[in-house]
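Me: I have a model open and would like to go through the reasoning behind some of its labels. Could you take my questions one at a time?

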Amino acid sequence: MTRFQSQVIYGLLILITGTIIASLSYSPSRIIQYVLAAGIFLSAVFAFITAAKNKSTEIPLKYHGLQGAGMLVYALAILIYASTFEKFITVTMAFLLYFGITEIIFGFQLMDHKRKIGMQVIVLRMITGFLMAVGAVIILAIAFLDKNMSLLVAGILIALSGINFILFANATRRLATTD
């Protein structure tokens, strides 16, 4: 398995997990908690695999390692700590905020990287990061008004991050084949 394939797999897992959360948002149960934890845990495993396959490139190694660690902590927090809806939303909000900030930082690092990646890809990553960070705050605000809507928004944002990983893996694969 190549580094690009492992990244696509963890992007797909995140996309599927987000889609499941969004589709179950109006019939919430503990199933959401377990599906989310399992999907994010598997995604963390593939993030660590992707980081290990990027040992020779510093920025992707750090980024995927940090993403894997963040996802692992999130999965464990969902299983162990998130026993109520309020705790579930708080943990999800914190994860999305963390994810958004790391995406923005990663975008700035890519701009300064010696191998130039298309500006469209970098801007997409930074926009996704911004949406995640702002979405985290929106989820918290919505949770007080409509719990189901906050789950729907969380699912959509998580799915969006999966799409982001897939698109970036394809962009970096194309860049690697032109070298």
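Me: What makes helix 1 and helix 2 roughly antiparallel to each other?

Reply: Happy to start there, with the reminder that this is a predicted model. The axes of helix 1 and helix 2 (residues 30-53) cross at roughly 165°. Angles over 145 degrees count as roughly antiparallel, so helix 1 and helix 2 earn that description. Their axes also come within 8 Å, and the crossing is left-handed.

Me: Which classes of residue make up the contact of helix 1 with helix 2?

Reply: By class, that contact has 16 nonpolar, six polar and two charged residues.

Me: How do you know that the span of helix 1 is close to the expected one?

Reply: Helix 1 (residues 3-24) has 22 residues, and the expectation at 1.5 Å a residue is 32 Å. From its first C-alpha to its last, helix 1 reaches 32 Å. Helix 2 can be checked in the same spirit: its 24 residues reach 35 Å, close to the 34 Å expected.

Me: Which residues of helix 1 are buried, and why are they said to be on the same side of helix 1?

Reply: The buried residues are Phe 4, Ser 6, Gln 7, Tyr 10, Gly 11, Ile 14, Thr 17, Gly 18, Ile 21 and Ala 22. They cover an arc of only 170° around the axis, and that puts them on the same side of helix 1. There is a general principle to keep in mind here: an α-helix has 3.6 residues a turn, so residues three or four places apart point the same way.

Me: And what is buried in helix 2?

Reply: Among the buried residues of helix 2 are Ile 32, Leu 36, Gly 39, Ile 40, Ala 44, Phe 46 and Ala 51.

Me: Ala 44 makes me think of Gly 68. Why is Gly 68 called buried?

Reply: Buried means under 20% relative accessible area, and Gly 68 has 0% relative accessibility, so it counts as buried. Gly 68 lies in helix 3. The C-alpha atoms of Gly 68 and Ala 44 are separated by 4.2 Å, although the two residues are 24 apart along the chain.

Me: Why is Ala 69 called partly exposed?

Reply: Its relative accessibility is 32%. Partly exposed covers the range between the 20% and 50% cut-offs, so Ala 69 counts as partly exposed. Ala 69 also lies in helix 3, and its C-alpha atom is 8.1 Å from that of Phe 48, 21 residues apart along the chain.

Me: What makes Lys 62 partly exposed?

Reply: Lys 62 has a relative accessible area of 46%. Exposed would require over 50%, so Lys 62 is partly exposed. Lys 62 is found in helix 3 (residues 58-80). Between the C-alpha atoms of Lys 62 and Phe 106 the separation is 9.6 Å, with their positions 44 residues apart along the chain.

Me: How do you know that helix 4 is roughly antiparallel to helix 5?

Reply: Helix 4 (residues 85-111) and helix 5 (residues 119-145) pack at an angle of about 160°, with their axes 8 Å apart. The cut-off is over 145 degrees, which makes helix 4 roughly antiparallel to helix 5. Helix 4 passes helix 5 in a left-handed crossing. Their contact has 22 nonpolar, three polar and two charged residues.

Me: What pattern does the protein chain follow along the sequence?

Reply: The pattern is α-α-α-α-α-α, with six helices and zero strands. Buried residues make up 47% of the 179 residues in the protein chain.

Note on methods: Residues numbered from 1 in each chain as written. Predicted model: local features only at pLDDT ≥ 70, side-chain atom pairs only at ≥ 80, totals over all residues. Heavy atoms only, no water. Helix = DSSP H or I, 4+ residues; strand = E, 2+ residues; numbered from the N terminus. Expected span 1.5 Å × (residues − 1). Buried < 20%, exposed > 50% of the residue type's maximum accessible area, 1.4 Å probe, protein only. Arc of directions from axis to C-beta. Axes fitted to C-alpha atoms, helices over the stretch in contact; angles between N-to-C directions. Parallel < 35°, antiparallel > 145°, perpendicular 65-115°, else oblique. Left-handed = near helix turned anticlockwise from the far one by under 90°. Nonpolar A, V, L, I, M, F, W, Y, C, P; charged D, E, K, R; others polar.
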